[in-house]
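Visitor: I have just started learning to read protein models. Could you walk me through this one and tell me how each label is earned?

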Amino acid sequence: MRKAAREVRPNEAQGGEGHTGGTVPSETGVAGMRSRTKPVGDNGDKSSALDPRPVIAGLTLRAAEMRDCRRILAWANDPATRVNSFTSRPIGYAEHRCWFEAALASDQRWLYIAQVKQIPVGLVRLDQEYAGAEVAEVGINVAPRHRRKGLSDPILRQIRRIAGARGIHTLVARIRAENEVSIRVFERAGYRFVAEEKTQTGLARRYEAVVQIV
Ligand SMILES: CC(C)(COP(=O)(O)OP(=O)(O)OC[C@H]1O[C@@H](n2cnc3c(N)ncnc32)[C@H](O)[C@@H]1OP(=O)(O)O)[C@@H](O)C(=O)NCCC(=O)NCCS
């Protein structure tokens, strides 16, 4: 078994962007022990049909909501995130809000907040090429203060299960060639290198994983 995820403290929950709703639990969140005992309480219509069970104790994914708007922007504007994105300029609030509202309303883009005992620790995104497509792109952004705690692997495993429940059979990750950490994380999660693709801002390495339909 991989190393246990390190402790996530409740006062780290808001990602520095101010309180955006929801209750920060008083307990100390610990994601360390693998468990399949507790179903996720997914919020929102988009995920109500799904029952993604956690593969690490205390780690769950829930559908993103409007109250997550600012925290997601703060995570997105983290310098390391910008460097690893295909457009590296900082994102303004108005632009982000527009994108976020469209994403919440979309029937082919799905945003999930990863939580450890209700503490938001990251964002994971599924983008179908078109509504109903069997191929979707996955993107992950672990909240800056929760990086290097071993969260990426269980998050990617959970999103794979969610994708399977949505009838998606192939997940695609496009990773900047320079993003060695991300390449390692996706390879470890079972993604295989397929091709290099040119983007407007550099080379992307395309990785794919076959999803078991559930
Ligand atoms: C890439 C990312 C998702 C990794 O998530 P994470 O939860 O921090 O990663 P983990 O803690 O699970 O670490 C995975 C491995 O990478 C290593 N690692 C993580 N961050 C690292 C860093 N900055 N430098 C060197 N190694 C690093 C860890 O030590 C671990 O290796 P090990 O298991 O051999 O010890 C996260 O750093 C992130 O969100 N980055 C910004 C956005 C991004 O690049 N997204 C991917 C775009 S495709």
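Guide: Let us take the labels one by one, starting with how far to trust the model.

Visitor: What kind of model is this, and what is its mean pLDDT?

Guide: This is a predicted model. The protein has a mean pLDDT of 79, and 73% of its residues reach 70 or more.

Visitor: What makes residues 1-54 a part to treat with care?

Guide: Over residues 1-54, pLDDT stays under 50, on a scale from 0 to 100. Where pLDDT is low, the coordinates should not be read in detail. The model does have 111 contacts beyond four places in sequence for residues 1-54.

Visitor: Why is Pro90 called exposed?

Guide: Pro90 has 11 other C-beta atoms within 10 Å. A residue is exposed if that count is 12 or fewer, so Pro90 earns the label. Pro90 sits in the loop between helix H2 (79-83) and helix H3 (93-105).

Visitor: How do you know that Pro90 touches Asn77 and Arg82?

Guide: Two residues are in contact if their C-beta atoms lie within 7 Å. Asn77 and Arg82 are the contacts of Pro90, not counting residues up to four places away in sequence. As for Pro79, its C-alpha is 8.4 Å from that of Pro90, and the two residues are eleven apart in sequence.

Visitor: What makes strands E4 and E5 a pair?

Guide: A pair needs at least two bridges. Strand E4 (residues 109-116) and E5 are joined by eight, so they pair, and they run antiparallel. Gln115, for instance, stands opposite Pro120 in E5. Two residues separate the strands of this hairpin, and Lys117 in the turn has a positive phi of about 50°.

Visitor: How do you know that E5 also pairs with strand E6?

Guide: Seven bridges link E5 to strand E6 (residues 135-142), again in the antiparallel sense, so the cut-off of at least two is met. In E6, Val138 is the bridge partner of Leu126. This hairpin has six residues between its strands, with Gly132 in the turn at a positive phi of about 90°.

Visitor: Why is E5 described as mostly covered?

Guide: Buried means 20 or more other C-beta atoms within 10 Å. Eight of the ten residues of E5 (residues 119-128) are buried, so the description fits.

Visitor: And what makes up the shell around the ligand?

Guide: By class, the shell has eight nonpolar, eight polar and five charged residues. The closest of the 21 are Asn84, Val142, Arg147, Ser152 and Ser182.

Key: Residues are numbered from 1 along each chain as its sequence is written. This is a predicted model: local features need pLDDT of at least 70, side-chain atom pairs count only at pLDDT 80 or more; totals for chains, interfaces and linings use all residues. Helices (H or I, at least four residues) and strands (E, at least two) are DSSP runs, numbered from the N terminus. pLDDT is the predictor's confidence in each residue, from 0 to 100. A residue is near a molecule or strand if its C-beta atom, placed from the backbone, lies within 6 Å of it. Ala, Val, Leu, Ile, Met, Phe, Trp, Tyr, Cys and Pro count as nonpolar, Asp, Glu, Lys and Arg as charged, and the others, Gly among them, as polar.
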